[in-house]
Amino acid sequence: MADKKFVVKNGLQSEGRVLVNKTTDNNTDNVQIDGTIQVTGQVKSTVSSGTAPFTVASATVVQNLNADLLDGQEGSYYQSADNINAGTLASARLPDLEVGDFAAGAVTIESEGIANNDSDNNFPTSAAVKDYVDSNSDLYTSWTIGDGSTTQAIASGDTLTVSGTSNEVDVAVSATDTLTIGLPNDVTIANDLTIGGTGKIKGPTTFYIDPAGDNDTSGTVIIQGSLTVQGTTTTINSNEIDIGDNIIRLNSDLASDAAPTQNAGLLVERGSSTDVQFIWNETSDKWQVTEDGTNFYSLLNANDTLFTVSDGSNTTNLTSGDTATFAATSGQLTVAESSGTVTYSLADTAVTAATYGSTTAVPVITVDAKGRLTNVTTSAIATSFTISGDSGSDDSVAGGQTLNFTGTANEISTAISDNTVTFALPDDVTIGQHLTVSDELRQGQHVHLSETLTTTSTTQTSLVTNFSATTYASAEVNVVAIQGSNRHLTKLLVTHDGTNAYATEFGEVLTGSALATYDVDINAGNVRILVTPASTTSTKFQTALVFSKN
């Protein structure tokens, strides 16, 4: 690694490019400085003829720079206008010219009018030009616009603005000198719209009447006369329908002398669930209902079975007019009927109606085989407990007392939410004495790690430490070699490109002779820090590393 060091003693030496206060090497200039250079002596260039000794990229004038032989000419050469014989001068370089700047007779200004065939070389006066334009132009004329009762004069040079009423009339002027007046796509009429004769309101295939705001279903449409719908389908999406007629007629297009053949009734749309119906069945001449859309059940007639009563062994059919009798088992259940309501009541047990249990006792319940409560007592419960810690004496918390959780300021914080106590470190932690970390100490994208390697009686190259090339991009390695009372301290800056490892060593401090030399490489995906001890005397190597992640 000797070829990778640099030494500053009486001067700065480099076999390659030197970067001062720069983060990027442009790979072209040997010395690259980001900042100002101050020289108290001469700046000398030994480049051969044909190559400029220096280049200046700034457009700012360099003060006190002697350019007396610029391009082989003295400076006085460029002060003579006779030597400027090519190129174009910018207008900003010329002074403003007035008639008085020209020699007498060089410019003639005529006061005559301008004829159509005036082809002389004299300049006309501005008054002559204005007289000519005023007498030959028909653009500066005034005119009047009216609506049949009110008129408005349009003076010469004025602009006539044609405006339309918002949502009633649109006005547009195109580049082809055309004024177009028409109705907009959406027309708003503030009051009534009257259609005479037998006129129609025609629209697209789907026609909307929206009495409130756009797409606002809160409006109301009122039709003063009768409404006849001639379409085959009428769909109403209202959530509430009020109909004045007390009888709704279905199948009204059936002639009075025709036999009925179609069922009629009501169908309820249930979305993703099966539709249900209530219909009159013309085949069975009965009202029927369905709960699954497939199976229809008839409503009972006078002699139809209302329902069937069974105890598991005996079955009885009840028809219209029959009486169902509900009996109770003595001592367990009582039955009472009033106005068509049957009431079942459990028989009383030996348990007294009351509230059992408290903050210091829980109820003890006895239940018989039929699920009845036959006895209830209480049993006392403990209401205090003891807490213990790593230090200090135990403490007893009595029933009803509050247990407080308190953290040490800048060391531990506590929080309680939803019956949960959370212990955590605060954002700023203060440690009164030592902080011992047995492994890595992480700080953002940097990892601090200390290791120890002991070698004895060998001068063979050994591994002092290594790190993952996949995880870390670089490392700062402080190594101290200890041999008896001798110390050899140095620092390595290490990085890699995934294939090769690179390092520089600096800041070397010795109490005696050098105890080791160091090198780096990549092996099995790890960047290795290798040490070669200078002697076979037992030497201990301690490292402190700071890693930067990829």
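This passage walks through the fold, a few strand pairings, the salt bridges and two individual residues of a predicted model.

Taken as a whole, the protein is mostly a story of strands: there are 31 of them, alongside 1 helix. Of its 550 residues, 10% count as buried. The exposed surface comes to about 44600 Å², and carbon and sulfur atoms supply 49% of that area. As for how the chain meets itself, 31% of the contacts between residues at least 6 apart in sequence join residues at least 24 apart.

Strand pairing comes next. Strands of a sheet pair through backbone hydrogen bonds, either parallel or antiparallel. One open sheet here is built from 3 strands in the order β25-β30-β29, with antiparallel pairing. Its edges are β25 (462–468) and β29 (516–523), each of which pairs on one side only. From one strand to the next, the twist averages 20 degrees. Between β25 and β30 (residues 526–533), the antiparallel pairing runs over 6 bridges. Within that pairing, N466 has R528 of β30 as its bridge partner.

Elsewhere in the chain, β5 (residues 143–146) and β6 (residues 151–154) also run antiparallel, joined by 4 bridges. T144 is matched with A153 in β6 as its bridge partner. The two strands, β5 and β6, make a hairpin with 4 residues between them, and G148 in the turn takes a positive phi of about 105 degrees.

Now for the charged pairs. Side chains of opposite charge can pair when their charged atoms come close. The salt-bridge count for the model is 2. In one of these, E476 pairs with K491, and the closest N and O atoms are 3.3 Å apart. This pair ties together distant parts of the chain, with E476 sitting in β26 (residues 472–483) and K491 in β27, 15 residues apart. Both ends keep some access to solvent-sized probes: E476 is partly exposed because its relative accessible area is 28%, which falls between the 20% and 50% cut-offs. K491 is partly exposed too, with a value of 23%.

The other salt bridge brings back a residue from the open sheet. R528, the bridge partner of N466, meets D521 through its side chain, with 2.8 Å from N to O. R528 is partly exposed at a relative accessible area of 24%, and D521 is likewise partly exposed, at 23%.

Finally, two single residues are worth a look. H488 lies in β27, which spans residues 486–496. Its relative accessibility is 0%, so H488 counts as buried. The side chain of H488 makes a polar contact with the side chain of E508, at 2.9 Å. E508 also turns up in the list of residues that H488 touches beyond four places in sequence, together with V479, V480, A481, V509, L510, A514, L515 and A516.

A415 belongs to β21 (residues 413–417). With a relative accessible area of 44%, A415 is partly exposed. Leaving out neighbours within four places in sequence, A415 is in contact with T420, V421 and T422. F405 is 10 residues away from A415 along the chain, and the C-alpha atoms of the two are separated by 8.3 Å.

Terms used:
Residues are numbered from 1 along each chain as its sequence is written. This is a predicted model: local features need pLDDT of at least 70, side-chain atom pairs count only at pLDDT 80 or more; totals for chains, interfaces and linings use all residues. Side-chain values use heavy atoms; hydrogens and water are left out. Buried means under 20% relative accessible area, exposed over 50%, partly exposed in between (1.4 Å probe, protein chains only). Contact means heavy atoms within 4.5 Å. A polar contact is a pair of N or O atoms within 3.5 Å; within protein, one must be able to donate a hydrogen and the other to accept it, and residues adjacent in sequence count only if both atoms are side-chain atoms. Two strands pair if DSSP finds at least two bridges between them. Axes are lines fitted to C-alpha atoms, for helices over the stretch in contact, and angles run from 0 to 180 degrees between N-to-C directions. Accessible areas come from the Shrake-Rupley method with a 1.4 Å probe; for residues, only the protein chains shown count as cover. A salt bridge is a side-chain nitrogen of Lys or Arg within 4 Å of a carboxyl oxygen of Asp or Glu.
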